[in-house]
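Welcome, and please open your viewer with the protein as a cartoon and the ligand as sticks. We will go from the ligand outwards, one selection at a time.

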Amino acid sequence: MTVLVAYASAFGSSREIAQHVASRMAVALGEVECRSVEEVEAVSGYEAVVVGSAIHNQAWLQPALLFFNGHADELATRPVWAFSVGMADALPRPFRKRGSALQQERLAGVLVKEVPLRGHKIFSGVYKAGQMPAPLLMLFRLIGGRFGDLRDWAAVDGWADQITGQLAKPASSTSAGSIAR
Ligand SMILES: Cc1cc2nc3c(=O)[nH]c(=O)nc-3n(C[C@H](O)[C@H](O)[C@H](O)COP(=O)(O)O)c2cc1C
């Protein structure tokens with residue numbers, strides 16, 4: 001089985017999550033390719049696709065949206081999972097869960113219109129003070145916001161393993177029945 005893990009990343013943390021997911025899945029599934037969305041010309045050669053993007057201003061990066069829309073017909077005929085990388089875990093603790101849930105709702109609403117997803121996961125990435133507009137910085141710190149590498153690698157591993165488990169099932173027991181072997 002050849003699986004594509006495609007990503008759009010502005011500062012690298014989403015790329016590293018994609019690479020980590022791809023390496024982990026490759027141990028069980030064999031051929032897993034990890035590419036920037038801009039490098040992918042077609043998805044027809046892949047049996048399953050995982051696609052992720054950094055979140056900017058509550059939306060996926062433009063190259064990821066172009067990838068998703070541009071390949072929607074092909075994506076819709078194979079199992080697809082999506083992940084989004086934001087800064088929910090940078091928020092003050094009482095807002096983290098809610099922030100992530102709202103973001104999930106908003107992004108999934110946009111994505112699912114194009115392609116039915118098997119799953120959509122939100123991860124936190126690397127968020128640096130310099131990425132926040134200066135007028136908000138002091139307030140954000142005052143209310144308990146934080147910066148840094150917020151990636152939860154155990155959660156990334158867990159999600160990659162869930163996908164691997166679904167793809168490794170015999171074709172007859174997959175819901176879409178579209179996984180060629
Ligand atoms: C201009 C800009 C806008 C951002 N907007 C959001 C946002 O709306 N929601 C969010 O959760 N994170 C937002 N972030 C945080 C990034 O998504 C986060 O830092 C992520 O790790 C970036 O991934 P990357 O390193 O792959 O570019 C924003 C970051 C920048 C620089």
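**Starting at the ligand**

Select Asn 57 first: one of its backbone N or O atoms lies 2.9 Å from a nitrogen atom of the ligand. Keep in mind as you go that this is a predicted model.

Now add Gln 58, where a backbone N or O atom is 2.7 Å from an oxygen atom of the ligand. Then show the side chain of Gln 103, which places an N or O atom 2.7 Å from a ligand oxygen. How much of the ligand does the protein bury? Switch on a surface to get a feel for it: of the 630 Å² that the ligand exposes when taken alone, 88% is buried by the protein.

**The shell around it**

Next, select the residues that surround the ligand; there are 19 of them. Ser 9, Phe 11, Ser 13, Ser 14 and Gln 103 are the closest. Colour the shell by residue type and you will find 11 polar residues, eight nonpolar ones and no charged ones.

Which elements each supply at least two residues of this shell? Highlight α1 (13-29), β3 (48-56), β5 (80-86) and β7 (126-127) to see them. Stay on β3 for a moment, since its three residues form the largest share of the shell.

**Out to the pocket**

Time to look at the space itself. The ligand sits in the largest pocket, which holds about 690 Å³ of space. Its lining counts 31 residues, and to find those closest to the pocket centre, select Ile 55, His 56, Asn 57, Met 87 and Tyr 127. You met Asn 57 at the start, with its backbone contact to a ligand nitrogen.

Elements giving two or more residues to this lining are α1, β3, β5, α4 (93-114), β7 and α5 (134-142). Finish on α4, which gives the most, with five residues. Coloured by type, the lining shows 17 nonpolar, 13 polar and one charged residue.

Notes: Residues are numbered from 1 along each chain as its sequence is written. This is a predicted model: local features need pLDDT of at least 70, side-chain atom pairs count only at pLDDT 80 or more; totals for chains, interfaces and linings use all residues. Side-chain values use heavy atoms; hydrogens and water are left out. A residue is near a molecule or strand if one of its heavy atoms lies within 4 Å of it. A polar contact is a pair of N or O atoms within 3.5 Å; within protein, one must be able to donate a hydrogen and the other to accept it, and residues adjacent in sequence count only if both atoms are side-chain atoms. Accessible areas come from the Shrake-Rupley method with a 1.4 Å probe; for residues, only the protein chains shown count as cover. On a 1 Å grid over the protein atoms alone, a cavity is a set of points where a 1.4 Å probe fits but cannot get out, and a pocket is an open set with protein on both sides within 12 Å along at least five of seven lines; lining residues have an atom within 4 Å of a point. A molecule sits in a cavity or pocket if more than half of its atoms lie within 2 Å of its grid points. Helices (H or I, at least four residues) and strands (E, at least two) are DSSP runs, numbered from the N terminus. Ala, Val, Leu, Ile, Met, Phe, Trp, Tyr, Cys and Pro count as nonpolar, Asp, Glu, Lys and Arg as charged, and the others, Gly among them, as polar. Grid points are joined across faces, edges and corners, and a volume is the space filled by probe spheres set on the points.
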